[in-house]
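Q: Please take a close look at the sheet in this model and at what packs against it. I would like the strand pairing described before the helices and the core.

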Amino acid sequence: MTKLVEFLVRNDEYSHEEFVERWQGEHADIAREMPGLKRYSTSVPVNPDDAEYDGVLELTFEDGRALNDAFESDVGQEVMDDAAEFIDPGAGPRMVVEETVHVDADE
């Protein structure tokens with residue numbers, strides 16, 4: 001599986017709480033519809049006042065081609081346009097990685 005991992009920083013116009021509400025609310029409703037998406041998770045810091053980033057995004061796809069196709073789709077463009085309204089693009093690191101699971105307690 002190929003995973004996009006991104007550490008997010010909110011736009012200055014949003015408080016951390018407003019960012020989380022938007023990101024995990026209406027934005028997530030759009031992002032869930034990305035074609036080829038296998039897993040979608042968001043994580044927020046336990047102590048946001050002490051954190052460098054406002055959240056961590058993980059999107060999992062079958063492979064790199066599926067990831068690229070998803071972001072090139074109409075829904076992918078809608079996701080990016082919406083994110084640009086409340087996220088400071090490029091402010092945090094982003095990596096595309098190949099995941100190796102060593103423990104999965106759900107299996």
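A: In this predicted model, β1 runs antiparallel to strand β3 (residues 55–61), and seven bridges join the two. One of the facing positions is L8, which stands opposite G55 in β3.

Strand β1 (residues 2–8) also pairs with β4, again in the antiparallel sense, over five bridges. Here K3 is found opposite V97 in β4.

Put together, the pairings give an open sheet of four strands with antiparallel pairing, in the order β2-β3-β1-β4. The edges are taken by β2 (37–43) and β4; each has a single partner strand, so one side of each is left without a neighbour in the sheet. On average, and with direction ignored, neighbouring strands of this sheet are turned by 15° against each other. As a general point, strands of a sheet pair through backbone hydrogen bonds, either parallel or antiparallel.

The edge strand β4 can be described further by its burial. It covers residues 94–98, and of these five residues the number buried is zero, so β4 lies largely in the open. The cut-off behind that statement is a relative accessible area under 20% for a buried residue.

Next comes the loop that follows β1. D12 lies in this loop, between β1 and α1 (16–31). With a relative accessible area of 74%, D12 is exposed. Its C-alpha atom is separated by 8.4 Å from that of F86, although the two residues are 74 residues apart along the chain.

Helix α1 is not straight: at W23 it bends by about 30°. W23 is also among the buried residues of α1, together with H16, F19, V20, R22, H27, A28 and A31. The elements that cover the buried residues of α1 include three strands of the sheet, β1, β2 and β3, as well as α3 (74–83).

F19 of α1 leads on to the core. The largest nonpolar core has 20 residues, and those with the most contacts inside it are F19, M34, L59 and F61. Two or more residues each come from β1, α1, β3, α2 (64–72) and α3. In general, nonpolar side chains tend to be buried together in soluble globular proteins.

F61 shows how one of these core residues is surrounded. Leaving aside neighbours within four places in sequence, F61 is in contact with M1 and T2, with the run M34, P35, G36, L37 and K38, and with A66, L67 and A70. M34, one of these partners, is itself listed with F61 among the core residues with the most contacts.

How values were computed: Residues numbered from 1 in each chain as written. Predicted model: local features only at pLDDT ≥ 70, side-chain atom pairs only at ≥ 80, totals over all residues. Heavy atoms only, no water. Buried < 20%, exposed > 50% of the residue type's maximum accessible area, 1.4 Å probe, protein only. Pairing = 2+ DSSP bridges. Axes fitted to C-alpha atoms, helices over the stretch in contact; angles between N-to-C directions. Bend = angle between axes of the 7 residues up to and from the residue. Contact = heavy atoms within 4.5 Å. Core = buried A, V, L, I, M, F, W, Y, C linked by side-chain atoms within 4.5 Å.
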